[in-house]
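Work through the exercises below with the sequence and the model side by side. Try each task before you read its solution.

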Amino acid sequence: METAFIKTPLGIAKLEGDKMGLSNITILDSQEKLTDIIPEELEDAAYQLQEYFEGKRTQFSLSLNPEGTEFQKKVWEALQQIPYGKTVSYMDLSKDLGDPKAIRAVAAANGKNPLWIIVPCHRVIGSDGSLTGYAGGLHRKKWLLEHESPAKQQSLF
C-alpha cells in the first residue's frame with residue numbers, strides 16, 4: 001500500500017492505494033509533511049484532486065478499491081451517480097437503492113465512505129435540506145457543496 005500527503009483547501013489529504021486502485025482518502029486535521037514525490041500508483045488521484053479543487057474537474061476517472069461490505073460498496077457506487085453540483089437526501093438514496101426502510105443503513109454506509117470527495121458522500125443532505133453529519137466535519141461538507149454550486153456568488157448554507 002502506497003501513501004501520499006497532498007495539500008488541499010480543506011487541509012492535508014492522505015491518499016492510500018496500490019496497483020489495484022485508490023482505497024482511501026482522508027482530510028486530516030493534523031499537519032503532516034507533504035509528499036515530495038507522489039508514488040506512481042497515486043499520481044493520477046493527486047492530479048485529479050488538484051483539478052477538482054481548481055474547478056477544472058467535475059468527474060473523477062480513477063480505479064477505486066475501497067474496503068467494505070457488499071452493502072457499503074453498493075451505497076458507494078450509488079453515491080458516484082449523484083451529479084456534480086447536485087444533492088440528494090438519505091431517503092432519496094435509500095429509494096434509489098430499492099429500500100426506503102434502509103435509510104439508517106444507507107446513512108451508516110455513507111458515513112463509512114473511505115474515499116471522500118471522489119465518492120461524493122458530501123452530496124447527501126437531510127430530507128429537509130439541512131446539512132447532516134459528515135466524517136470530515138460539517139465545515140468541510142459546506143465548503144465542498146459551495147465549491148460545486150453553480151451559483152458561486154451565493155452561499156448555500
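Contact means heavy atoms within 4.5 Å. This is a predicted model: local features need pLDDT of at least 70, side-chain atom pairs count only at pLDDT 80 or more, and totals for chains, interfaces and linings use all residues. Residues are numbered from 1 along each chain as its sequence is written, and side-chain values use heavy atoms, with hydrogens and water left out.

**Exercise 1. The whole chain**

Task: Find what share of the contacts between residues at least 6 apart in sequence joins residues at least 24 apart. Then describe the fold and its compactness.

Solution:
- Step 1. Take the contacts in the protein chain between residues at least 6 apart; 54% of them join residues at least 24 apart.
- Step 2. List the elements. Helices (H or I, at least four residues) and strands (E, at least two) are DSSP runs, numbered from the N terminus. The protein chain has 5 helices and 5 strands. Their order from the N terminus is β-β-β-α-α-β-α-α-β-α.
- Step 3. Test compactness. The radius of gyration is taken over C-alpha atoms, and the globule rule is 2.2 Å times the number of residues to the power 0.38. For 157 residues the rule gives 15 Å, and the protein chain has a radius close to that, 15 Å, so it is as compact as a globular protein of that length.
- Step 4. Add the spans. Along its principal axes the C-alpha trace covers about 45 × 40 × 25 Å.

**Exercise 2. Aromatic rings**

Task: Which kind of pair do the rings of Tyr52 and Phe53 form? Then place Tyr84.

Solution:
- Step 1. A pair of aromatic rings is described by the distance of the centres and the angle of the planes. Rings of Phe, Tyr and Trp (its six-membered ring) pair if their centres lie within 6.5 Å; planes under 30 degrees apart count as stacked, over 60 as edge-to-face and the rest as tilted.
- Step 2. Search the whole structure: there are 5 aromatic pairs. For Tyr52 and Phe53 the centres are 5.2 Å apart and the planes stand at 75°, so this pair is edge-to-face.
- Step 3. Tyr52 also pairs edge-to-face with Tyr84, at 6.3 Å centre to centre and 85° between the planes. This pair links distant parts of the chain, 32 residues apart: Tyr52 is in helix α1 (residues 40–53), and Tyr84 is in the loop between α2 (70–79) and β4 (88–89).
- Step 4. Check burial. Buried means under 20% relative accessible area, exposed over 50%, partly exposed in between (1.4 Å probe, protein chains only). Tyr52, at 0%, counts as buried. Tyr84, at 23%, counts as partly exposed.
- Step 5. Collect the cluster. Ring pairs join Tyr52, Phe53, Phe60, Tyr84 and Trp143.

**Exercise 3. Three single residues**

Task: Is Gln48 buried or exposed? Do the same for Ile117 and Glu2.

Solution:
- Step 1. Gln48 is in helix α1. Its relative accessible area is 3%, so Gln48 is buried. Leaving out residues up to four places away in sequence, Gln48 touches Arg57, Gln59, Phe60, Ser61 and Leu62.
- Step 2. Ile117 sits in the loop between α4 (103–111) and β5 (124–125). A value of 2% makes Ile117 buried. Ile117 is not a glycine, yet its phi is positive, about 75°.
- Step 3. Glu2 belongs to strand β1 (residues 2–8). With 33%, Glu2 is partly exposed. Beyond four places in sequence, the residues that Glu2 touches include Leu15, Pro39 and Leu42.
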